[in-house]
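Visitor: Could you pick a single part of this model and take a close look at it with me? I am in my first year, so please go step by step and show me how that part fits with its surroundings.

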Amino acid sequence: MGSNEIYVGNNVEVLRTFEDESVDMCITSPPYYNLRDYKNSGQLGAEASVDLFVSNLCEVFDEVHRVLKPTGSCWVNIGDTYDKKKLSQVPSRFEIAMSDRGWYLRNEIIWNKPNPQPISSKDRFWTNHEKIFWFVKKLKGYYFDRVPTLEPWAEVTVRRMFSNNDLSKHKDTGVEGKEGYSLSSENQDKHYKRMRESLGITKDFNYQQLIDSGKCPSRPMFTVWDISASGGKVKGAHFAVYPPELIKVPILATCPPEGIVLDPFVGSGTTCVVAKNFNRKYVGIDISEDYAKLARDRISTNLDNFFV
């Protein structure tokens with residue numbers, strides 16, 4: 001296996017030529033089930049049943065598991081489809097099947113799309129989300145850089161640091177032990193005081209200046225990500241192009257610098273371009289020579305410098 005390469009062929013067969021434990025992470029978006037025709041006889045998504053589709057997907061990720069380093073992570077963005085007015089439950093079936101085959105699910109991310117495409121159905125709610133699963137090969141020792149996942153506290157939360165937290169005023173006053181509160185009122189006030197003093201935050205702080213100075217307290221991202229789907233549009237690309245912003249944090253957080261990012265359904269190459277922009281190597285696989293060429297063109301011209 002060479003790094004910074006796009007391979008053309010059946011992804012299971014190509015993956016079988018790769019060495020064991022040779023890539024640092026995988027991030028990908030497989031085809032939808034029974035929704036789109038990618039004009040290739042060997043495509044996934046055209047199976048006669050959902051169970052067969054999920055089984056074929058898992059065969060791909062069995063090989064991903066083999067080539068992934070023990071410190072590696074695997075991220076899978078997978079959407080659902082309807083079949084005769086019934087939701088196929090592809091993501092649910094897939095996450096259970098992956099767990100049964102030895103993967104460990106660390107998080108389930110909800111990709112909330114603020115601008116979803118309209119649908120024609122008039123007897124159900126519009127769908128505006130997809131799921132992203134974060135699997136690891138080992139429960140301990142996987143690579144994780146927490147810094148890219150951190151977000152500043154909301155302004156109202158920072159201002160709360162200057163309020164006395166009197167739990168006796170809560171509606172559940174009198175409940176023994178205050179179940180659900182990690183700190184007592186007194187200890188929480190002391191905690192906020194130490195935090196204010198260590199960061200040099202005064203009561204008259206300016207929120208934007210606090211963020212710009214790097215002194216604003218932070219927390220890990222939540223598991224619902226509001227990211228526009230329109231950022232993934234690529235001229236000449238197939239339908240299922242996820243936006244670069246969606247995979248930025250997973251790559252930064254779970255692939256070390258100079259590490260190798262694998263995408264076994266590489267399509268138009270968004271994964272590879274983002275990996276390259278953040279000083280990671282890449283390996284992509286696609287069954288279509290046309291999309292492999294499109295991916296190579298995007299990477300070589302580097303027109304998609306998304307985050308500058």
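Guide: Happily! Let's begin with helix α9, whose buried residues are Tyr291, Ala292, Leu294, Ala295, Arg298 and Ile299. Looking down the axis of α9, you find these buried residues within an arc of 160°, so they line one face of the helix. Turn to the face that points away from this buried side, and you meet the exposed residues Asp290 and Ser300. Please keep in mind throughout that this is a predicted model.

Now trace α9 from end to end. Helix α9 covers residues 289-301, which makes 13 residues. From its first C-alpha to its last it reaches 18 Å, close to the 18 Å expected at 1.5 Å a residue. At its N-terminal end sits a cap, serine 288. A side-chain oxygen of serine 288 lies 3.2 Å from the backbone nitrogen of aspartate 290. You have met this aspartate already, since Asp290 is one of the exposed residues on the outward face of α9.

What do the buried residues of α9 pack against? Their partners are β1, α8 and β12. Those three names give us a path into the surroundings, so let's follow them one by one.

Start with strand β12, residues 281-286. This strand is mostly covered, with five of its six residues buried. On one side, β12 pairs with strand β1 (residues 5-8) in the parallel sense, over four bridges. Find glutamate 5 in the picture: its bridge partner in β12 is valine 283. Strand β11 (residues 260-263) also runs parallel to β12, and four bridges join the two. Here leucine 262 has valine 283 of β12 as its bridge partner. Valine 283 is therefore a handy landmark, as it is the bridge partner of glutamate 5 and of leucine 262. To get from β11 to β12, the chain crosses through helix α8 (residues 270-277), and this β-α-β crossover is right-handed. That is the α8 against which the buried residues of α9 pack.

Between α8 and β12 there is a loop, and arginine 280 lies in it. Is arginine 280 buried or exposed? With a relative accessibility of 10%, it counts as buried, because the cut-off for buried is under 20%. Leaving out residues up to four places away in sequence, arginine 280 touches Ile251, Leu252, Cys255, Pro256, Pro257, Glu258, Gly259, Val261 and Ala275. Two backbone oxygens are within reach of its side chain: that of cysteine 255 at 2.8 Å, and that of proline 256 at 3.5 Å. Although arginine 280 and proline 256 are 24 residues apart in sequence, their C-alpha atoms are 7.6 Å apart in space.

Among the residues touched by arginine 280 are Ile251 and Leu252, and a little earlier in the chain comes proline 244, in helix α7 (residues 244-254). Proline 244 has 6% relative accessibility and so counts as buried. Proline 244 and isoleucine 227 are 17 residues apart in sequence, with 9.8 Å from C-alpha to C-alpha.

Let's return to β11 and go on to another strand. Strand β11 is joined to β2 by two bridges, and these two run parallel. In this pairing, cysteine 26 stands opposite leucine 262, the residue whose bridge partner in β12 is valine 283. Strand β2 (residues 23-28) has six of its six residues buried, so it is largely enclosed by the rest of the structure. The next pairing takes β2 to strand β3 (residues 68-78), again in the parallel sense, over five bridges. Methionine 25 stands opposite serine 73 there.

Finally, step back to the entire chain. Its secondary structure comes to nine helices and twelve strands. Of its 308 residues, 43% are buried. Among contacts between residues at least 6 apart in sequence, 72% join residues at least 24 apart. So when you look again at α9, picture one face lined by its buried residues, packed against β1, α8 and β12, with Asp290 and Ser300 on the face turned away.

Note on methods:
Residues numbered from 1 in each chain as written. Predicted model: local features only at pLDDT ≥ 70, side-chain atom pairs only at ≥ 80, totals over all residues. Heavy atoms only, no water. Buried < 20%, exposed > 50% of the residue type's maximum accessible area, 1.4 Å probe, protein only. Pairing = 2+ DSSP bridges. Right-handed = clockwise from strand over helix to strand, strands pointing away. Expected span 1.5 Å × (residues − 1). Arc of directions from axis to C-beta. Contact = heavy atoms within 4.5 Å. Polar contact = N/O pair within 3.5 Å; in protein donor to acceptor, adjacent residues only side chain to side chain.
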